[in-house]
Amino acid sequence: MGSIALSAVEKWFGEVQVIKGVDLEISDGEFVIFVGPSGCGKSTLLRMIAGLEDISRGTLTLDGRDVTADPPSKRGLAMVFQSYALYPHMDVRGNMGFSLKTAGWSKADIAAKVDDAARALRLEAYLDRKPKELSGGQRQRVAIGRSIVRDPAAFLFDEPLSNLDAALRVEMRYEIAKLHQTLDATMIYVTHDQVEAMTLADRIVVLNAGRIEQVGSPKELYERPDNLFVAQFIGSPKMNVLPGTTGENFDIVGGRSVSGPEGAAYLGIRPEDIRVVTKGEGQIDGIVDVTEYLGADTYLIVDTGAEEKITVRVVGGIDLEAGAEIGLDFVETRRHFFDTRGVAVRE
């Protein structure tokens, strides 16, 4: 079992409050990812769950048991850090079984546990190698295996892939996803990488300045953001936001009118929900500033005269060069509206 609940959790460093009343419930077997900008408190919150940081106020329960004041050793959680922290003089088998050896387990039981973890992580062929003989991805798998052998109530990952190159990150994302399917264990994962969050999580927790902005599935956060912060943080390239005023319709500043809800002050539209049309036919006109060809997609950076340029995502290529005058048509069913505070206004 590995259900975790935080109730009104706060963290203070002297007079500075970095975690501001977090309430969150994580179900047994769920994969939850904390995301947010640097300094938002996501790693601090993870360390509070692990017991590596004290909880200033509030309570933390694990499977219904209050563990707020318990040291890390009594929480039954396993943490995987950004650095592998492997013992260089030990082989993979020794590294993975070290915690069990210090706990007094028999050699036979340790060997059985290590073999099970090695199979789950496809490390059987590397058990007799030293860390220096392994790739970065293999070392990270060993670090994860060291946690698996302890049968923790939950796994806590603190940006475990940030030291890997792009190819290894893709490989390890797959490994961690398969591991979650195999173990069916509770996992909490901190990352600044949106691709990791969108592809791995059952639910994403978006943090900003020590508060939770929104919790939901990747699909929910992408398609129905609660506010402008979430709308622009989730998704790459980020959502385009255009100011406007509401009367009978929503009048886009520098553009034309569209139907919109009362109280809307901003229209949000994702790059893939914009169609390139002839100048004068869409909701706003602009001049192509930069064309970014990526093979499967092309990004157009369009100057409409607004403070921020609009990014348009076109599948495949498009025969447009910098300086071309175009119109932009926003797909009606994919428009988002927000009020002056940045809170979503639903139609």
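The following exercises, each with a worked solution, concern a predicted model of one protein chain.

**Exercise 1. The chain as a whole**

Determine how many helices and strands the chain has, and what share of its residues is buried.

*Solution.* Begin with the secondary structure: the chain contains eight helices and 20 strands. Next, consider burial: of the 347 residues in the chain, 49% are buried. The extent of the chain may then be added, since the C-alpha trace spans about 75 × 45 × 35 Å along its principal axes. Finally, turn to the contacts between residues at least 6 apart in sequence: 65% of these join residues at least 24 apart.

**Exercise 2. The packing of H2 and H3**

Classify the orientation of helix H2 relative to helix H3, and state the handedness of their crossing.

*Solution.* First, locate the two helices: H2 covers residues 92-102 and H3 covers residues 107-121. Second, take the geometry: the axes are 9 Å apart, and the angle is about 130°. Third, apply the cut-offs: angles over 145 degrees count as roughly antiparallel and those from 65 to 115 as roughly perpendicular. The angle of H2 and H3 falls in neither class, and the two helices are therefore oblique to each other. Their crossing is right-handed.

**Exercise 3. The residues between H2 and H3**

Identify which residues of H2 meet H3, and describe the character of the contact.

*Solution.* On the side of H2, the residues are Arg93, Met96, Gly97, Leu100 and Lys101. They meet Ile110, Lys113, Val114, Asp115, Ala117 and Ala118 of H3. Sorted by character, the residues of this contact comprise six nonpolar, one polar and four charged. Burial within H2 can then be examined: Val92, Asn95, Met96, Gly97 and Leu100 are its buried residues. These buried residues pack against H3 and also against helix H4 (136-148).

**Exercise 4. The ends of H2**

State which residue caps the N-terminal end of H2, and which residue just after H2 takes a positive phi.

*Solution.* At the N-terminal end, the cap is Asp91, with a side-chain oxygen 3.3 Å from the backbone nitrogen of Arg93. Beyond the other end, just after H2, Gly104 has a positive phi of about 90°.

**Exercise 5. Gln138 in H4**

Decide whether Gln138 is buried or exposed, and describe its surroundings.

*Solution.* Gln138 belongs to helix H4. Its relative accessibility is 12%, and buried means under 20%, so Gln138 counts as buried. The side chain of Gln138 reaches the backbone nitrogen of Ser135 at 2.9 Å. Apart from neighbours within four places in sequence, Gln138 is in contact with Leu123 and Tyr126.

Key: Residues numbered from 1 in each chain as written. Predicted model: local features only at pLDDT ≥ 70, side-chain atom pairs only at ≥ 80, totals over all residues. Heavy atoms only, no water. Axes fitted to C-alpha atoms, helices over the stretch in contact; angles between N-to-C directions. Helix = DSSP H or I, 4+ residues; strand = E, 2+ residues; numbered from the N terminus. Parallel < 35°, antiparallel > 145°, perpendicular 65-115°, else oblique. Left-handed = near helix turned anticlockwise from the far one by under 90°. Contact = heavy atoms within 4.5 Å. Nonpolar A, V, L, I, M, F, W, Y, C, P; charged D, E, K, R; others polar. Buried < 20%, exposed > 50% of the residue type's maximum accessible area, 1.4 Å probe, protein only. Polar contact = N/O pair within 3.5 Å; in protein donor to acceptor, adjacent residues only side chain to side chain.
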